[in-house]
Every structure is written in structure tokens, then in C-alpha cells.
Amino acid sequence: MRRNAKLLILGDGNEGKTCVSRALRGLPFRVQKTTRGVDVVQWMYAHPVHSADREEDITLNIWDFEGQEISHQTHQFFLTSQSLYLLVFKCRDQFLLDRAEYWLDTIRARAPQAKVAIVISQCEGRMPLVPLDRIQAQYGDLLAEEWFFPVGCKDGSNIPKLRAFLQHWAADLEFMGSPWPVSYEKAETELKAKAKRGTARITRKQLGAAFHKAVQAVDAAELG
Ligand SMILES: Nc1nc2c(ncn2[C@@H]2O[C@H](COP(=O)(O)OP(=O)(O)OP(=O)(O)O)[C@@H](O)[C@H]2O)c(=O)[nH]1
Ligand SMILES: [Mg+2]
């Protein structure tokens with residue numbers, strides 16, 4: 001059964017993406033170094049409605065990207081519709097609408113079915129001024145049911161609200177609880193075996209080869 005999903009945290013450099021990722025997982029606030037490339041971390045939690053049933057536990061794989069402009073092109077390969085998106089900005093006197101437009105346009109081009117929420121970090125004791133109506137009018141199709149979360153990672157303000165929203169959002173994804181395609185399972189088994197043998201990293205080519213082999217094996221079994 002598939003009980004995991006992807007949460008992608010996007011935004012420019014130094015806006016608070018890593019701090020938000022940590023706060024969601026209940027880790028203490030710390031000043032962060034720039035993320036290099038992407039950090040993928042697991043956030044496991046009980047199903048928000050069927051919390052007593054451990055079989056229903058959900059794993060959200062958080063992809064916390066480095067915000068440097070130079071990496072955006074490669075990052076775009078990771079954007080898919082079946083994921084949750086957070087777009088993070090820090091609290092400023094003047095909201096960076098052009099940057100928000102840049103990111104929302106990028107997501108829309110790559111993953112038109114995606115749903116996005118905007119998170120404003122560093123909102124301890126203050127409210128950011130954000131042109132909500134304008135964003136809603138321009139990007140309504142892309143925005144999640146709730147999409148505006150001013151948070152403070154240092155004092156945890158509004159983090160429980162964001163956390164609860166994400167937990168429900170992931171639990172309600174269409175594929176949640178549905179079986180994995182057999183070929184995925186085969187590829188996953190092979191990758192796990194590789195990891196056990198001590199391969200900490202695999203190249204994109206090796207990953208592609210593992211999936212290709214798995215699909216061929218399933219096709220052959222189905223034909224034969
Ligand atoms: N007080 C406060 N400071 C924050 C908050 N979020 C981020 N910061 C500060 O902003 C700095 C940058 O935050 P990061 O989470 O590292 O930013 P990032 O977007 O992951 O940056 P890159 O990895 O370089 O793309 C942190 O080291 C904190 O000092 C917040 O909610 N409250
Ligand atoms: Mg970071």
C-alpha cells in the first residue's frame with residue numbers, strides 16, 4: 001500500500017525553507033547554513049483521522065531545496081503534480097510579488113494540477129502585508145484550500161495550524177492508500193538492496209535503469 005507522499009519546499013535562498021521543514025517536524029529552531037542541492041527528510045505521522053491504526057501511518061518525504069537561482073533549472077525536474085508545495089518567503093515590509101509570480105508560474109508550467117500554499121516565515125509577533133486578493137485572482141487554480149500561513153519558526157507561532165493542514169492534505173491525496181504499481185515495488189526492492197550493500201548514492205542513470213528493468217520484468221510476466 002502506498003502511504004507516502006512528497007512535500008516540496010520552494011522559494012529563494014535564505015527565506016526560511018529549512019527552518020519551516022524543521023519546525024513542522026518538531027525540531028528546535030536553529031540558525032541554518034545554506035542548503036546545498038536538496039535535503040530529503042522523512043516526516044512520519046499518524047493518520048489524522050484513523051490515528052489508532054498504525055497501518056494508516058503516513059510518511060511525508062520533505063524535499064527542502066537550495067534556493068539559489070542557479071539550481072532552478074535542475075530543480076524543475078522534480079516538480080510533479082502529485083505533490084504538496086510550500087512556497088516560502090520571509091516577512092518583509094514589502095512582499096516580493098514578482099518573486100511569488102516567478103515561482104507560481106514555474107510550478108504551473110511544470111505541474112499544472114499541483115496545489116500550493118504560501119508560508120511567510122519570521123512572523124513572530126507581526127503580520128506580513130501580502131496582496132492576497134491579487135494572488136487569489138491570478139493563481140486561484142493553483143492555490144490549496146487554505147494557502148496563506150504566516151508562521152514563526154522561533155516561537156512556533158502558527159506552526160500547529162500549518163502542520164495540521166499538511167497532515168490532512170496528504171491524507172486526502174487521491175493515491176493515498178492505493179496499491180503501488182508492481183514495477184515500482186520491484187524497483188524499490190532493488191534500490192533498497194543496493195542501499196544495504198552500501199551504495200549511498202545512485203546516479204540518475206542508475207535510477208532510470210532500475211525502473212526500466214522493473215517495467216520490463218512486469219511486462220514480460222504479464223505477456224508470459
Ligand atoms: N526568527 C526567525 N528566524 C527565521 C525563521 N525562519 C528562518 N529564519 C532565519 O533565517 C535564516 C535562513 O533560514 P533558512 O531556513 O536557512 O532559509 P532557506 O530558505 O532554507 O535558505 P537556503 O537553504 O539558503 O535556500 C535562518 O538561519 C534563521 O536565522 C523564523 O520563522 N523566525
Ligand atoms: Mg535551506
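What share of the contacts in the chain with a separation of 6 or more comes from residues 24 or more positions apart? The share is 76%. The legends below refer to a predicted model.

**Figure 1. Overview of the chain and its secondary structure elements.** Seven helices and six strands make up the secondary structure of the predicted chain. Their order along the sequence is β-α-β-β-α-β-α-β-α-β-α-α-α. The chain has 224 residues, of which 25% are buried. Among contacts with a separation of 6 or more, 76% join residues that lie 24 or more positions apart.

**Figure 2. Surroundings of ligand 1.** The shell around ligand 1 holds 20 residues. Those that come nearest are Gly16, Gln32, Thr35, Gly67 and Cys153. By class, the shell consists of twelve polar, five charged and three nonpolar residues. Helix α1, residues 17-24, gives the most to this shell, with three residues.

**Figure 3. Helix α1 and the elements that cover it.** Is α1 largely enclosed or largely open? Seven of its eight residues are buried, so α1 is largely enclosed by the rest of the structure. The buried residues are Lys17, Thr18, Cys19, Val20, Ser21, Ala23 and Leu24. Their cover includes five strands: β1 (4-10), β2 (38-45), β3 (58-65), β4 (83-90) and β5 (115-121). Helix α5 (159-171) is also part of that cover. Helix α1 is also the element that gives the most residues to the shell around ligand 1. Just after α1, Gly26 has a positive phi of about 80 degrees.

**Figure 4. Two asparagines with positive phi.** Asn14 lies in the loop between β1 and α1. Its phi is positive, about 70 degrees, although Asn14 is not a glycine. Asn14 is exposed because 12 other C-beta atoms lie within 10 Å, and a residue counts as exposed at 12 or fewer. The second residue, Asn158, is found in the loop between β6 and α5. Phi of Asn158 is likewise positive, near 70 degrees, in a residue other than glycine. Asn158 has 18 other C-beta atoms within 10 Å and is therefore partly exposed.

**Figure 5. Strand β3 and its two pairings.** In which sense do β1 and β3 pair, parallel or antiparallel? Strands β1 and β3 pair in the parallel sense, over six bridges. At this pairing Asn4 stands opposite Thr59 of β3. Strands β2 and β3 pair in the antiparallel sense, over eight bridges. Here Asp39 has Asp64 in β3 as its bridge partner. Strands β1, β2 and β3 are also among the elements that cover the buried residues of α1.

**Figure 6. Glu146 in strand β6.** Strand β6 covers residues 143-150, and Glu146 lies within it. In a regular strand the side chains alternate between the two faces of the sheet. Is Glu146 buried or partly exposed? Glu146 counts as partly exposed because it has 13 C-beta neighbours inside 10 Å. Leaving aside residues up to four places away in sequence, Glu146 touches Ala117 and Phe165. The C-alpha atom of Glu146 is separated by 9.1 Å from that of Val116, and the two residues are 30 residues apart along the chain.

How values were computed. Residues numbered from 1 in each chain as written. Chains lettered and ligands numbered in written order. Helix = DSSP H or I, 4+ residues; strand = E, 2+ residues; numbered from the N terminus. Buried ≥ 20, exposed ≤ 12 C-beta atoms within 10 Å, placed from the backbone. Contact = placed C-beta atoms within 7 Å. Near = placed C-beta within 6 Å. Nonpolar A, V, L, I, M, F, W, Y, C, P; charged D, E, K, R; others polar. Pairing = 2+ DSSP bridges.
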